[in-house]
Amino acid sequence: MTLRFIRTGLAMLLAASALQAWAQDFPNRAITMVMPYAAGGPGDTITRVFAGAMQKHLGQQIVVDNTAGASGSIGTAKVARAKADGYTLLMIHVSHATNQAMYKSLPYHPVDDFEPIGRATSGPMVIVARNDFPAKNLNEFVAYLKANAAKVSLAHAGVGSASHLCGLMMMNALNVKLNEIPYKGTGPALTDLMGGQVDLLCDQTSGTVPSVKTGKIKAYASAGKTRLPQLPEVPAISDAGVEGFDINISFGLYAPKGTPKPVLDQLTGALQKSVSDPEVRQRLEAMGISAVSADLARPEALRAHLKNEIDTLGGLLIKAGVKAN
Ligand code: MLT
């Protein structure tokens, strides 16, 4: 056995044991969880639930960093560039898949530049309007849009965002073209909806159910085939005979490519404990959101989910001729 071979073997052994020792010390300082949409939106709400739950299991504070803009791609790029040490994470949903189809040149690849940690939630969307929108019920709403589309404004969180996808599906299903108003998140969009500066929004229930219940905005329909348990009086859009429209939004947690496996395993473990935490599940269910089961809060499940969304929703947007730049 040559001396060089022995030296190489020893070096690899030393490196592996140093990595193991370093990983055992993880985390020894606060972790940043990037939410690539503005504070106050549905993504921000979900991120703060998981930051609060995971920090209990990891024993270090998790700070939520709302780096918003360009439909989540600015915050996502920030994580792709971050040091692969487990201290910078990304909580994101469908726009991780759709941005690849929407932007000619992204400074990252949604698969190659990230390590999946696990899925976190799934949840429906609801079509809401400013309180004085001129339609008393779902049938009048559909009729009004078909007759007045050019006068109606639709808020969303940027091309390829969940609220944009839902708006697209609604316009396609009703064969209307509304005036799109992009925001850095549906938190700011909701503020304008409540103020009457914008007419409509299709948003995740984690951002809208509380405002509907307090009468600050009104809901016309759930964006799918079934009613929302949290808003039982609100019909499903399919109740008005509007088909081909059913959207569900899932969030997942990622780390930068190259994050050591022992660190990823710890993060996956903390995520699995969080999705199984009864308090987390109850808080989310009150907003119409479901925490996934622990077996889906794993890298393989998130990897498969992302591939499916890239293949399906990305394709839908390309077919619809939607481009961001
Ligand atoms: C969206 O995709 O519409 C975003 O999740 C909205 C948000 O979280 O602000």
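This section describes the ligand site and selected salt bridges of a predicted model.

The ligand sits in the largest cavity. Two helices, α2 and α6 (162-174), are the elements that each give two or more residues to the shell around the ligand. That shell consists of Y37, G41, P42, G43, H93, A157, S161, A162, S163, G185, T186 and Q204. Three side chains of the shell place an N or O atom at short listed distances from ligand oxygen atoms. For S163 the separation is 2.6 Å, for H93 it is 2.7 Å, and for Q204 it is 2.9 Å. Taken alone, the ligand exposes 260 Å², of which the protein buries 100%.

Helix α2 also takes part in ionic pairing. In total, 14 salt bridges were counted in the model. One of them joins the side chains of R48 and D44, with an N to O distance of 2.9 Å. Both residues belong to helix α2 (residues 42-58) and lie four residues apart, which corresponds to about one turn of the helix. The two partners fall into separate accessibility classes: R48 has a relative accessibility of 39% and is therefore partly exposed, whereas D44, at 6%, is buried because its value is under the 20% limit.

A second salt bridge involving helix α2 is formed by the side chains of K56 and D277, at 3.5 Å from N to O. This pair connects distant parts of the chain, since K56 lies in helix α2 and D277 in the loop between α9 (261-275) and α10 (278-285), the two residues being 221 positions apart. K56 is exposed, its relative accessible area of 52% being over the 50% limit. D277, in contrast, has a relative accessibility of 13% and so counts as buried.

A further salt bridge pairs R130 with D132, whose closest N and O atoms are 2.6 Å apart. Here the basic residue is the buried partner, because R130 has a relative accessibility of 15%, while D132 is exposed at 55%. The pair is not isolated: R130, D132 and D199 are linked in a network of salt bridges.

Across the three pairs described, the assignment of burial thus varies with the residue concerned. The acidic residues D44 and D277 are buried, as is the basic residue R130, whereas K56 and D132 are exposed and R48 is partly exposed.

Methods. Residues are numbered from 1 along each chain as its sequence is written. This is a predicted model: local features need pLDDT of at least 70, side-chain atom pairs count only at pLDDT 80 or more; totals for chains, interfaces and linings use all residues. Side-chain values use heavy atoms; hydrogens and water are left out. A salt bridge is a side-chain nitrogen of Lys or Arg within 4 Å of a carboxyl oxygen of Asp or Glu. Buried means under 20% relative accessible area, exposed over 50%, partly exposed in between (1.4 Å probe, protein chains only). A residue is near a molecule or strand if one of its heavy atoms lies within 4 Å of it. A polar contact is a pair of N or O atoms within 3.5 Å; within protein, one must be able to donate a hydrogen and the other to accept it, and residues adjacent in sequence count only if both atoms are side-chain atoms. Accessible areas come from the Shrake-Rupley method with a 1.4 Å probe; for residues, only the protein chains shown count as cover. On a 1 Å grid over the protein atoms alone, a cavity is a set of points where a 1.4 Å probe fits but cannot get out, and a pocket is an open set with protein on both sides within 12 Å along at least five of seven lines; lining residues have an atom within 4 Å of a point. A molecule sits in a cavity or pocket if more than half of its atoms lie within 2 Å of its grid points.
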